[in-house]
Amino acid sequence: MGCNDRLIPARFLCLVSHLSMLAIILWSREENLKACLPYDYEESDLKTKDQEMLIGLSAALCLIGFELLGFLSGISMFFPCVSLTCILFFHLCI
């Protein structure tokens, strides 16, 4: 068994798990925002933070989708150095 036989499934699992975590955070962002804001927050604070969080999560979802597309199309699938770097960065970001 070569290095690719272990790295390809691990990279795929990291990509899919990161994508699913971002989707869950995106769906529950209102509850997360209310939990992070002070008790006496104003509606304008909530809207501003919601917009910031939506932009950040949308950018992250687009980048994960782009990487998943490159992985599934085979462009970067069989490069062990790229796979190991992606797995390492995913674990550092989580």
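The following paragraphs lead from the core of this predicted model to its surface. Residues are numbered from 1 along each chain as its sequence is written. Local features need pLDDT of at least 70, side-chain atom pairs count only at pLDDT 80 or more, and totals for chains, interfaces and linings use all residues, while side-chain values use heavy atoms, without hydrogens and water.

The largest nonpolar core (a set of buried Ala, Val, Leu, Ile, Met, Phe, Trp, Tyr and Cys residues joined through side-chain atoms within 4.5 Å) has 14 residues. L15, F71 and F90 have the most contacts inside this core. At least two core residues come from each of α1, α3 (43-72) and α4, and α1 gives the largest share, 6 residues. Helices here are DSSP runs of H or I, at least four residues long, numbered from the N terminus.

Helix α4 (residues 80-93) has 14 residues, which should span 20 Å at 1.5 Å a residue (times one less than the number of residues); its end C-alpha atoms are 20 Å apart, in agreement. Within α4, S83, C86, I87 and F90 are buried. These residues lie on the same side of α4 because they cover an arc of only 95° around the axis, taken from the directions from the helix axis to the C-beta atoms. On the other side of α4, C81, L84 and L92 are exposed. Buried means under 20% relative accessible area, exposed over 50%, and partly exposed in between (1.4 Å probe, protein chains only).

Helix α1 (residues 3-27) also contributes to the surface, where 3 of its residues form the largest share of a nonpolar patch. F12, found in α1, is partly exposed because its relative accessible area is 35%.
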